[in-house]
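Welcome! Here is a short briefing to help you find your way around a structure you may be seeing for the first time.

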Amino acid sequence: MANALSTFGNDLHSGKRSYPFVGKRNVWLLLATLLVVLSILVPVAKGGFNLGIDFRGGSEFTVSSVENEDPSVGEKIIAEKAPEAHDVRVTNIAPNTMRAQMSTLTDSQTLDVKKSLQDAYGVSDQDVTSSFVGPTWGADVTRQAFVGLIAFVILALIGMALYFRTWKMSLSAIAGLLFTVVITVGIYALVDFEITPSAIIGFLTILSYSLYDSVVVFDKIRENTEGYSEQKKRTFGEQINLAVNQTLVRSINTSVVGVLPVGAILFIGAFILGAGTLRDLSLALFVGIIVGTIGTILVSAPMYAALRLSEKKIKKHDQYIEDIRSGRVKEEDEGDHSSDSDGGSVRIEVNPVNLG
Amino acid sequence: MAKRSPLAKSRAALVSMAALIIVLCAGVFGSTFSGGSWGTKLALDLSGGTQMVLSPQVVGSESDTVNSDQLNQAVEIIRQRVDGAGVSEAEVSTQSNKNVVVSVPGNLDAKTRELIQASAQMDFRPVLVSAAPGKVADDQKTPEKELPKGDKKPENASDQNWITADLWRQFENTDCAAASSDKAENQDPKKAIVACSEDGSEKFILGPVEVKGTDIQDASHSQVSNSSGVSTGQWGVNIQFNEVAKKKFEEVTTRLYSFYGANQQDARARFAIMLDGKVLSSPVAQAVITDGKPQITGNFTEESASALAEQLKYGALPINFTIQSEQQISATLGADQLKMGLIAGLIGLVLVFIYSLFQYRLLGFVTIASLVVAGLISYLAIVLLGWSINYRLSLAGIAGLIVAVGQTADSFIVYFERIRDEIREGRTIPAAVDHGWVSARKTILASKAVNLLAAVVLYVVSVGSVRGFAFTLGLTAIADLIVVFLFTHPMLSLLARTRYFGEGRRHSGLSPESLGAVPLYRGAGRIRKPEDSDGLTIAERRRAARAQTQQASSAGSVPTESTGTKEAGE
C-alpha cells in the first residue's frame, strides 16, 4: 500500500497522472459556490443553530460516576427543587455521566439542586459539578471571535501578499479559507451539533489550518511558475496544475497526520468524557481539516489560476505554447520571445515529461 | 553562507539542540529551589475548583466597559475581598481587558461569593469610639447597667447617643482577626456601625455616613509642604471634593476640630474613610477644611500614600460586579479530564508514529524522534512558564498540544516530500537532502508564520479557557521550528551520508527505484565524495552549459545558473 501511494506520488510528480484541478476550474468553483450557498441556507432553513448554554445563559450541572443513567431522576429533582426553572434538559452525555441544563437558578437553588442531584444519583460531593453562565457570555465570546476572524484575515491577506509578491495568491487563499469555515459551520448546522465557545475556537483554528495548507501548495505553485515564460513545455495553467498534483501526496499525508490526533481527542471526548471542551474543539477541527484540504485544492488553486490566466502576458505565452504544439512555430526560434521577460531566474525542467 | 562542510554544520546544530535542552532542564532544576517543580501547573478544569468570571461596571456610567486603570482597581478590590474572606491560593486575574477572573481551589461558600459580587462603596463616617482590635474578655466587659442607652435622639453624626446597648455589646464582641466582621451591605448608612481597620489594628464605632466616596473629585499623593511652602519630606494624600461635599466637609471638620481643640486624644476628632466595610484610614481633623481640599498626613511612605490615593480615586468610581460565568469543577472530573486528555494525546501520537513509519519507512523514525524532541522542549517550556509567569495547563491547552502533533509532523512531511521530489528529478540522495531543505525551509518558515500569527490573534482576542489552547498552539509552532532547524535537518544530513540512507536502500524511505527516479543518475553519489558533489544531474549540467554558450553568443539576459546550482553550496 505504501508502494501504491509512492507510485501514485511518482506519477503525479512526473505528470504521468494528473487531475484537472485547473482545467476544470469553472466546475470546481461553481461547485464550491453552490456548497457555500447551501451552507448558508441550511441554518436559515433550520431556524438557526443549536446554541450551547453559553449562548443561552443558564445553570448547568454535571454528575459523573452515576450508575443509573435515567434522565427522569434528574428532571424530577429539578421540578421539585426549582419549579420555576424552564428549558430543563437532562441528558446522558457519556457513559456514567449526566448533564442537566436549565434557566438560571438563584444561589440557594443551585446549592439545593446540587445536593439533591447528588443524593438522587447516589454519588459523592466530588462528583457533581455546577456552573452558571450569564446570558452575555456567549455573545462576548462570539464577538471576540469575529474580531479575531477579521484581524486574522486582514493580517494574513497582507502577509501573504508580501510573501508571495502577488495579491492574487492571497486573495485566492482567503477565498479557500472562507469556503472552509462556511462549509464547516454549515455541516455543524446540518447535523445539529451544539455550538459552544470551544467549537468557535475550533472554527478559528481551522482558519489557521486552511491558510497553512494553502501556503504550502502556493509555495510549490510559485516555484513551478517562476520564469514560466522561459520554458516552452507547459502553459501557465498547466504549471499550476502540475504543482497542485505534485503536492497532492503531501496534502493527503498532512490531512491524515492532522486528523489522526484530532480523531483521538474526538473519540475520547465524544465517547468517554462526553460533551465538553475536548469534543467540541476536536469536532470542529476534524471537519475543518478535511474541508480545509479540499478547499485549497478545489478552491484556492483553481481560483488563483482563474485570476492569473486572463493576464495579457500569460495569454501571450499560452498562445506561444499553443503555436509550438500545433507546429506553427519551431522550438528553436524562441529568441525574441524570451527577451521580453523580466529576466527572472530560469527554472530548468529536468525530467522530460509528456503531458499527453 | 559559511563555508563549513554540511557535516560540520549538522553536528554544530545537533550540539546546540542538546545545549538548548540542557539549558531548559537546568532552568527547571534551578526553579525547583524557588518553588518550581518538574510537573506542570494545572488549571482549574484539571485540578478541580471554582472559577468565576466577573465583569466590572462603573456604577452610573453609560459605557458598559471599564478602562484599564479601573480594571486594575477592580482586580485589587476583588483580591482584597478574597484574601479577606480567608480563601487560600485564590488567583485573581484579568481577561481580555474587561473581565476579572477569580479562581479558587475547591468550592466557594455562599458568603464569599456574595462578598465578591458586592459593589465597592466608599464612605466617610465620624469616629465615635476606638479600641484595640481583639474581643473584650468577658470579665472586662461593661456591666449591664452601665451600658450606654442611646435613648436620646442624636443631634449630629458625632453624637454618642448613636451608641445603643446592643451596638456596644457587638463592639465588645468584635474580633478584627475573624473575617466575618465586615459586610458592607449590612452597614446601614443612616446608623452607627462597628468596623475594623483594614490592617486589623484597631476597631471602631462609627457614626452615620456624612460624605460619600462618589463626592470625591480627585485624589493624589504628594510631598507635604509647610506654611512657607517648603517641602517637609513627608508624604501626604490630597483629596478634592466636589462643590456639594465641600460645604458638608466644612461642617464636619468644624465639629471634629472642636473635639480636637478640647482634647487632642479624643477619638471623636477622627473621621474614618471606609471602603468595602473596612476603615482604610482614620485621620484626625487638625483644621477646619473650607476649600474641600483636605490633605491627610501621617506615617506615609511614598508607596502607601500612592496606594491610598488610588483607593480614594476608585471610591469616586464605585464598581459593580456581575457574574458572567461560574464553574465548579469537582476534583474527580478534573482528574478524569486530565487522564483522558493524556490518553487521547498518547493515542494520537502513536497513530502518527505508525503512519509515518508506514509512509516513510525508516525515515519515519526521524519524524518520531523529532516529535519526541519537540514534545520535550514544549513540556520543559510549559513547566518553566508555570514557574515564571504562573502559566497553568488547562484541558484546552492539552487539546492544543495534541492538535499541534499533526501540525508539527507536517513540517517533516513537507521536508520529506521535497527530498523525494529532488530524488525523483534524479539527484543523489545527499544532494537531494540539501536541495530539498533549501526549498522546504522557505515553505516551512512561511507556513509556521501563519500558525504563529493565528495563535497570537487567537490568544489576544480569546476569552476563557481558549487562551490556553492558543498558547500551546503558538508555543509548539516555535518548538517545531527549533526542532526542524536544529534536529530534523541535521539528522537527515548526517543520515544521508551513511551508506544505508545515502544509497537509498530498500527500507530507507528514500529508495530512488521506488520513487521512480531514472536509475542512471543514482550511482553518481557513490563515486563522488559528498563534499564536492555539486548535486547536479547530468541533464542540469547540460542545460547550464547550453545556457552559458547561449549567453556568450547572444549576450542576452539569461542568467548562467539555475536556481538549483546557486543554492547548492549553502
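Of the 570 residues that make up chain B in this predicted model, 48% count as buried. Chain B holds 17 helices and 13 strands. Let's look at how the chain is put together and how far the prediction can be trusted.

**Fold of chain B**
- Among contacts in chain B with a separation of 6 or more, 73% join residues that are 24 or more positions apart.

**Transmembrane regions from the record**
- An unreviewed UniProt entry gives chain B the feature "transmembrane region" at residues 340-358, 365-389, 395-416, 449-469 and 475-496.
- One of these spans, residues 395-416 of chain B, is 100% helix and 0% strand in the model, with its end C-alpha atoms 32 Å apart.
- Another of them, residues 475-496 of chain B, is also 100% helix and 0% strand, and here the end C-alpha atoms lie 30 Å apart.

**Confidence in the model**
- The scores for the model are ipTM 0.77 and pTM 0.68.
- Chain B has a mean pLDDT of 78, and 83% of its residues reach 70 or more.
- Over residues 519-535 of chain B, pLDDT stays under 50, and the model has 29 contacts beyond four places in sequence for them.
- Residues 555-570 of chain B also keep a pLDDT under 50, with 35 contacts beyond four places in sequence in the model.
- Predicted coordinates should not be read in detail where pLDDT is low.

Terms used
Residues are numbered from 1 along each chain as its sequence is written. Chains are lettered from A and ligands numbered from 1 in the order in which they are written. This is a predicted model: local features need pLDDT of at least 70, side-chain atom pairs count only at pLDDT 80 or more; totals for chains, interfaces and linings use all residues. Helices (H or I, at least four residues) and strands (E, at least two) are DSSP runs, numbered from the N terminus. A residue is buried if 20 or more other C-beta atoms lie within 10 Å of its own, exposed if 12 or fewer, and partly exposed in between; C-beta atoms are placed from the backbone. Two residues are in contact if their C-beta atoms, placed from the backbone, lie within 7 Å. pLDDT is the predictor's confidence in each residue, from 0 to 100. UniProt positions are given in the numbering used here, feature names are shortened, and annotations may be inferred rather than shown by experiment.
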